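Visitor: I should like to learn how to read the features of a protein model. May we work through one together?
Guide: Certainly; let us place it before us and begin.

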Amino acid sequence: PSEKEYEMPNHIVDSEVGGIHVARRRPAPGSTARPTPVLLVHGGLHGAWCWDDFTEYLSARGWNCHALSWRGRGKSQSLPPEEALRRSIEDVAPDIEAVASGLQEPPIIIAHSMGALASLKYAERNRHAGMVLLTPGLPREATPDKLEVPTDPTQMWGPPPFELTQELFFSGTDEELARRYYELLVPESPRAVAQV
């Protein structure tokens with residue numbers, strides 16, 4: 001992308017890497033650019049859109065931000081229904097790798113919930129400059145208090161009803177904004193839900 005595209009500090013540029021949508025935000029004009037890129041990985045039900053406020057904040061402080069949407073999310077390549085049903089958290093790691101491999105330096109990864117688990121799988125085999133895991137999902141085997149979420153392996157899961165979703169994900173927002181975000185959520189693979 002040309003520098004012209006980044007004249008506005010809040011400007012997000014959409015790109016695509018092998019079917020994976022990436023919302024990119026360069027360091028804001030006037031900020032001191034940092035050499036290490038930041039790669040943001042959303043959690044279950046979400047997409048790159050959930051990082052918009054974070055990338056605005058980080059770019060104002062000189063960070064080059066790249067928020068991806070897993071395949072089957074947002075503007076990313078859709079998945080055939082049978083593949084979407086079978087998709088595990090580990091299956092997201094190649095999406096992270098595809099985006100990270102196109103960056104000039106190993107990134108700092110900021111990941112949320114299920115995305116944190118997928119990022120750890122990515123980190124097992126790939127260089128990265130650091131990781132920040134926000135409310136990471138824990139593997140079912142490592143969780144003392146398992147959250148029992150009924151799933152049907154033949155059906156995509158969720159999103160749950162608005163009131164529960166607001167409590168789980170949007171408790172710090174007003175209802176109007178929470179409803180706007182709720183409309184952006186997508187169903188999750190029952191296999192991935194069963195892993196946490």
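Visitor: Which residues of helix 3 are buried?
Guide: This is a predicted model. An α-helix has 3.6 residues a turn, so residues three or four places apart point the same way. Helix 3 covers residues 93–100, and its buried residues are Ala-93, Asp-95, Ile-96, Val-99 and Ala-100. Viewed down the axis of helix 3, these residues fall within an arc of 160 degrees, so they line one face of the helix.

Visitor: What do the buried residues of helix 3 pack against?
Guide: They pack against strand 1, strand 2, strand 3, strand 4 (65–69) and helix 4.

Visitor: How should helix 1 be read, and which of its residues are buried?
Guide: The approach carries over. In helix 1 (residues 52–60), Thr-55, Leu-58 and Ser-59 are buried. Seen down the axis of helix 1, they fall within an arc of 95 degrees, so they line one face of the helix. Their cover includes strand 2, strand 3, strand 4 and strand 5. After helix 1 comes Gly-62, with a positive phi near 95 degrees.

Visitor: What is the order of the strands in the sheet?
Guide: In a regular strand the side chains alternate between the two faces of the sheet. Here six strands form an open sheet in the order 1-2-4-3-5-6, with mixed pairing. Strand 1 (13–17) and strand 6 (130–134) are the edge strands, each pairing on one side only. From one strand to the next, the twist averages 25 degrees.

Visitor: In which sense do strand 1 and strand 2 pair?
Guide: Strand 1 and strand 2 (residues 20–25) pair in the antiparallel sense, over five bridges. Ser-15 has Val-22 of strand 2 as its bridge partner.

Visitor: How many residues of strand 5 are buried, and how many bridges join strand 3 to strand 5?
Guide: Four of the five residues of strand 5 are buried, which leaves the strand mostly covered. Strand 3 and strand 5 run parallel and are joined by four bridges; Val-41 stands opposite Ala-111 in strand 5. Strand 5 also pairs with strand 6, in the parallel sense and over five bridges. There, Leu-133 in strand 6 is the bridge partner of Ala-111.

Visitor: Which strands does helix 4 lie across?
Guide: Helix 4 (residues 114–123) lies across strand 3 (38–41), strand 5 (108–112) and strand 6, and runs at about 145 degrees to strand 5.

Visitor: At what angle do helix 5 and helix 6 pack?
Guide: Two packed helices are described by the angle between their axes and the distance between the axes. For helix 5 (residues 162–169) and helix 6 (residues 175–182), the angle is about 100 degrees and the axes are 10 Å apart. The two helices are therefore roughly perpendicular to each other. Helix 5 contributes Phe-162, Glu-163, Thr-165 and Gln-166 to the contact, and helix 6 contributes Glu-175, Ala-178, Arg-179 and Tyr-182. By character, the residues of this contact are three nonpolar, two polar and three charged.

Visitor: What should one look for in the backbone of the loops?
Guide: Most residues other than glycine have a negative phi, and most peptide bonds are trans. Leu-45, a residue other than glycine, has a positive phi near 75 degrees. Leu-45 lies in the loop between strand 3 and helix 1.

Visitor: Is Leu-45 buried or exposed?
Guide: Leu-45 is buried, with a relative accessible area of 3%. Thr-135 is not a glycine either, and has a positive phi of about 35 degrees. Thr-135 is exposed, with a relative accessible area of 58%, and is placed in the loop between strand 6 and helix 5.

Visitor: Where is Pro-159 found?
Guide: Pro-159 is in the loop between strand 6 and helix 5. The peptide bond from Gly-158 to Pro-159 is cis, with omega near 0 degrees.

Key:
Residues numbered from 1 in each chain as written. Predicted model: local features only at pLDDT ≥ 70, side-chain atom pairs only at ≥ 80, totals over all residues. Heavy atoms only, no water. Axes fitted to C-alpha atoms, helices over the stretch in contact; angles between N-to-C directions. Parallel < 35°, antiparallel > 145°, perpendicular 65-115°, else oblique. Contact = heavy atoms within 4.5 Å. Nonpolar A, V, L, I, M, F, W, Y, C, P; charged D, E, K, R; others polar. Pairing = 2+ DSSP bridges. Buried < 20%, exposed > 50% of the residue type's maximum accessible area, 1.4 Å probe, protein only. Arc of directions from axis to C-beta.
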